[in-house]
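Hi everyone, thanks for coming. I'd like to walk you through one protein today, so please take a moment with the sequence and the picture.

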Amino acid sequence: MPRAAVVVEAAPAVEAPTYVSLGPQTPQGGIAPPGAGGLPTWSPPESARPPWWWVGCHGGAGESTLALAASQGAAAEGRGWPIPPPGGHAGVVLVARTHAGGLHAAQTAGRQWASGALQGIDLLGLVAVADAPGPLPKSLQQWLKLIAGGVPRLWRVSWNEAWRLGEWPDARNSGKDVRKLASELADLTNYRNSGE
């Protein structure tokens, strides 16, 4: 029996991202901003236009480490929403550790975004960075799943012993999960910037 010919079409210049969205892509009506806490806002200089900003939800979240390890031209902001000038947009990736304090801070920041109080912020998702080796306790897994339902995407970054021991974070010691995260964020921002 003869086999049918396989037709291979050329891929478009920029393909849609292949990962699944977990939560809302835009702020939701009817959600009140957190009464206390939340991240401060700041105005980046107009010349600063990275593909996205890494924003830590709390001290020690790991945004600076991810900026070094994942590169892609993104900038680590620290702890604050980079509010663009009127009519502008800023891509943001929130970063939090997976301990209880980190998850609380991530939930508060996610609620702050979901309320619609932050004009011009394109939240790309949340990166949950392991706070210890081994599996996440069940109660924290459930909490992280709840938080993931309120942000566009969730990425998990596993424990990295090399970073703990003081190795400079870069592509050589970043691990598959960080390389995949960087690749997906680059694809996502390229796709969004293509105007499709």
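What is the mean pLDDT of the protein, and what share of its residues reach 70 or more? This is a predicted model, and the mean pLDDT is 83, with 86% of the residues at 70 or more. Among the elements, helix α2 has the highest mean, 96, and strand β3 the lowest, 76. Please be careful with residues 1–19: the pLDDT there is below 50, and beyond near neighbours in sequence this stretch has eleven contacts in the model.

Now the overall layout. The protein has five helices and seven strands. Going along the sequence, you'll meet them in the pattern β-β-α-β-β-β-α-β-α-β-α-α. There are 196 residues, and 42% of them count as buried. Of the contacts with a separation of 6 or more, 78% are between residues 24 or more positions apart. The accessible surface is about 10800 Å², and carbon and sulfur atoms contribute 54% of that.

Let's turn to the sheet. Five strands make up an open sheet, in the order β3-β2-β5-β6-β7, with parallel pairing. At the edges sit β3, residues 75–78, and β7, residues 154–157, each pairing on one side only. From one strand to the next, the twist averages 30°. As a reminder, strands of a sheet pair through backbone hydrogen bonds, either parallel or antiparallel.

For a closer look, take β5, residues 90–97, and β6, residues 121–129: these parallel strands are joined by eight bridges. If you want one pair to find on screen, Val-93 has Gly-125 in β6 as its bridge partner.

On to the helices. Helix α1, residues 63–70, lies across β2, β3, β5, β6 and β7, and runs at about 155° to β2. Helix α2, residues 100–114, lies across β5 and β6, at about 155° to β5.

I've saved helix α3, residues 138–148, for the end. Which of its residues are buried? They are Leu-140, Leu-144, Ile-147 and Ala-148. Because these residues cover an arc of only 100° around the axis, they lie on the same side of α3. What covers them includes α2, β6 and β7. Turn to the other side of α3 and you'll find exposed residues: Lys-138, Ser-139, Lys-145 and, yes, Leu-146 too.

That's my tour, and I'm happy to rotate the model for anyone who'd like another look.

How values were computed: Residues numbered from 1 in each chain as written. Predicted model: local features only at pLDDT ≥ 70, side-chain atom pairs only at ≥ 80, totals over all residues. Heavy atoms only, no water. Pairing = 2+ DSSP bridges. Helix = DSSP H or I, 4+ residues; strand = E, 2+ residues; numbered from the N terminus. Axes fitted to C-alpha atoms, helices over the stretch in contact; angles between N-to-C directions. Contact = heavy atoms within 4.5 Å. Buried < 20%, exposed > 50% of the residue type's maximum accessible area, 1.4 Å probe, protein only. Arc of directions from axis to C-beta. pLDDT = per-residue confidence, 0-100. Areas by Shrake-Rupley, 256 points an atom, 1.4 Å probe, with all protein chains shown as cover.
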